[in-house]
Amino acid sequence: ADYEACKAEVPGSPIFVQQLATNARHLEVQVVADTHGNAISLNGRDCSVQRRCQKIIEEGPMSVAPEEIRRQLEEGAVRLCKAVSYCSAGTVEYLYYPGGYTFLEVNPRLQVEHPVTEAITGINIPAVQLQVAMGIPLFAIGDIRTFYGQDRDGTCEFDLSRSNQSPPLGHCISARVTA
């Protein structure tokens, strides 16, 4: 009955069916990619508390998902960036629910909640974004080198995909105050 009612709303229009995800969380992965084919994730954020399509509370790193799921989300975000030759800072968003996750969208820009990621990684994302726009490879950017445990002022290339990132510097919660 609901399907027939839906079809009658706009005759001939396509109908998209999506599985209901109960107890779902809105998780996102901060990414940065350069013009040299490098892409990395900068941990993730939990932006589940929202009102009227605005994120009210963001926290990082995401702690609701098990380590294996967090790793999959970050690796998927990096693969996506490389597949489309993305170059800049951006965010890959997912819907996580017990037992799985699904892709939501990509925001190919710097989002307002980027300071949460900056607090847990020590990376100045707008500065990195500008350096990437200048053609500097990620492995040569001081904040990125430090995040990977390399000499900040070093110049030697290293493989970002095989190097270990520093653990989060702590936990950060940001809140939007509304009246």
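This report walks through a predicted protein model, from its overall layout down to a few single residues.

## The big picture

Let's start with the parts list: the protein has five helices and six strands. Going along the sequence, they come in the order α-β-β-β-α-β-β-α-α-α-β. The C-alpha trace spans about 65 × 35 × 35 Å along its principal axes.

How do the contacts split by distance along the sequence? Taking those with a separation of 6 or more, 56% are between residues 24 or more positions apart.

## Surface and charge

The protein is 179 residues long, and 39% of them count as buried. Its accessible surface comes to about 10300 Å², and carbon and sulfur atoms account for 53% of that.

As for charge, there are 15 positive and 21 negative ones in the protein. Average the positions of each set, and the two means end up 2 Å apart.

## Strand β1 and its two partners

Strand β1 covers residues 25-33, and eight of its nine residues are buried, so the strand is largely enclosed by the rest of the structure. It pairs with strand β4 (residues 88-97) in the antiparallel sense, over nine bridges. If you want a spot to look at in that pairing, find Glu 28, which stands opposite Glu 93 in β4.

β1 also runs antiparallel to strand β2 (residues 39-51), with six bridges joining the two. Val 32 is a handy marker here, since its bridge partner in β2 is Ile 40. β1 and β2 make a hairpin with five residues between them. Look in the turn for Gly 37, which has a positive phi of about 90°.

## A buried histidine

His 26 lies in strand β1. Is this histidine buried or exposed? Its relative accessible area is 13%, which is under the 20% cut-off, so His 26 counts as buried.

The side chain of His 26 makes a polar contact of 2.7 Å with the side chain of Glu 93. Glu 93 is the residue that stands opposite Glu 28, so to speak, in the β1 and β4 pairing. Leaving out residues up to four places away in sequence, His 26 touches a good list of others. Among them are Arg 45, Asp 46, Cys 47 and Ser 48, along with Lys 55, Tyr 94 and Leu 104.

## Two exposed residues

Pro 98 sits in the loop between β4 and β5 (100-107). With a relative accessible area of 57%, Pro 98 is over the 50% cut-off and so counts as exposed. Which residues does Pro 98 touch, not counting those up to four places away in sequence? They are Thr 22 and Asn 23. Pro 98 and Thr 22 are 76 residues apart along the chain, yet their C-alpha atoms are separated by 8.3 Å.

Ala 133 is found in helix α4, which takes in residues 125-133. This alanine is exposed too, at 67% relative accessibility. Ala 133 and Ala 89 are 44 residues apart in sequence, while the C-alpha to C-alpha distance between them is 9.9 Å.

Terms used: Residues are numbered from 1 along each chain as its sequence is written. This is a predicted model: local features need pLDDT of at least 70, side-chain atom pairs count only at pLDDT 80 or more; totals for chains, interfaces and linings use all residues. Side-chain values use heavy atoms; hydrogens and water are left out. Helices (H or I, at least four residues) and strands (E, at least two) are DSSP runs, numbered from the N terminus. Buried means under 20% relative accessible area, exposed over 50%, partly exposed in between (1.4 Å probe, protein chains only). Contact means heavy atoms within 4.5 Å. Accessible areas come from the Shrake-Rupley method with a 1.4 Å probe; for residues, only the protein chains shown count as cover. Lys and Arg count as positive and Asp and Glu as negative; His and the chain ends are not counted. The place of a charge is taken as NZ of Lys, CZ of Arg, CG of Asp or CD of Glu. Two strands pair if DSSP finds at least two bridges between them. A polar contact is a pair of N or O atoms within 3.5 Å; within protein, one must be able to donate a hydrogen and the other to accept it, and residues adjacent in sequence count only if both atoms are side-chain atoms.
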